[in-house]
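Got the viewer open? Here is a short tour, one selection at a time.

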Amino acid sequence: MDIILPNHTPELLESTFDAVYLYDHPLYSLMAEKTQIPWMLIVPKASLQASENLDYIQQLYGEIYRLIGFIQKNDIGKHFNLAKIGNKNPHQHIHLIFREENDEVWPDAVWCHEPLKASDSRPKELKKVLTPFFNQ
């Protein structure tokens with residue numbers, strides 16, 4: 001478990017996670033699940049083992065919360081779940097899911113109700129809204 005991808009090319013990320021590549025950041029790559037619920041995957045570029053990389057982990061989570069603030073400020077979602085699970089995919093990643101009280105599985109966990117309603121447009125919408133964040 002927790003295999004770190006040494007190469008973050010969009011093609012490798014999309015095939016590894018079966019998700020849509022959105023953006024590259026110096027600390028992580030951002031992917032989007034093809035669901036109506038705004039569900040992103042943050043793929044760290046270094047180990048999340050605290051004994052090895054505490055400075056990196058602090059920087060990464062600081063950037064994740066900066067991203068969350070941007071998303072909340074731009075009305076993509078208010079309530080979020082942030083979790084490092086990795087039970088089905090052994091490659092290191094963090095789930096960032098924005099929930100609404102009227103979403104299709106509220107208040108249950110999204111992974112208890114797979115498959116969720118698919119959406120090819122949601123990743124495109126996220127990419128468009130997040131462009132100013134990644135172009136700062």
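**Start in the sheet**

Pick Leu82 and Leu96: the latter, in S5, is the bridge partner of Leu82. Keep in mind that you are looking at a predicted model.

Now widen the selection to S4 and to residues 94-99, which make up strand S5. The two strands run antiparallel and are joined by 5 bridges.

Next, bring up the whole sheet. It is open, has 5 strands with antiparallel pairing, and reads S1-S2-S3-S5-S4 in order. Select 20-24 (S1) and 79-83 (S4) to find the edges: each has a single partner strand, so one side of each is left without a neighbour in the sheet. Strands pair through backbone hydrogen bonds. If you look at the twist, neighbouring strands are turned by 25° against each other on average, ignoring direction.

**Helices on the sheet**

Which strands does helix H1 touch? Select residues 10-17 and you'll see H1 packing on the sheet against S1, S2 (28-32) and S3 (39-44). The direction of H1 makes about 135° with that of S1.

Then select residues 50-73 for helix H2, which also packs on the sheet and touches S2, S3, S4 and S5. Here the direction makes about 20° with that of S5.

**On to the charges**

Side chains of opposite charge can pair when their charged atoms come close. The count here comes to 7 salt bridges, and three stops will do for this tour.

- **Lys84 and Asp2.** Show both side chains: they form a salt bridge, with the closest N and O atoms 2.9 Å apart. Lys84 sits in the loop between S4 and S5, while Asp2 is in the segment before H1, so this pair links distant parts of the chain, 82 residues apart. Both are partly exposed, Lys84 at 36% relative accessible area and Asp2 at 29%.

- **Lys34 and Asp18.** These side chains meet in a salt bridge at 3.4 Å, N to O. Lys34 is in the loop between S2 and S3 and Asp18 in the loop between H1 and S1, so the pair ties together parts that are 16 residues apart in sequence. Lys34 is partly exposed at 32%, whereas Asp18 is exposed at 54%.

- **Glu63 and Arg66.** Go back to H2 for this one, a salt bridge with its closest N and O atoms 3.0 Å apart. The two are 3 residues apart in the helix, about one helical turn. Is Glu63 buried or exposed? Glu63 counts as buried, at 17% relative accessibility, while Arg66 is partly exposed at 37%.

Methods
Residues are numbered from 1 along each chain as its sequence is written. This is a predicted model: local features need pLDDT of at least 70, side-chain atom pairs count only at pLDDT 80 or more; totals for chains, interfaces and linings use all residues. Side-chain values use heavy atoms; hydrogens and water are left out. Two strands pair if DSSP finds at least two bridges between them. Helices (H or I, at least four residues) and strands (E, at least two) are DSSP runs, numbered from the N terminus. Axes are lines fitted to C-alpha atoms, for helices over the stretch in contact, and angles run from 0 to 180 degrees between N-to-C directions. Contact means heavy atoms within 4.5 Å. A salt bridge is a side-chain nitrogen of Lys or Arg within 4 Å of a carboxyl oxygen of Asp or Glu. Buried means under 20% relative accessible area, exposed over 50%, partly exposed in between (1.4 Å probe, protein chains only).
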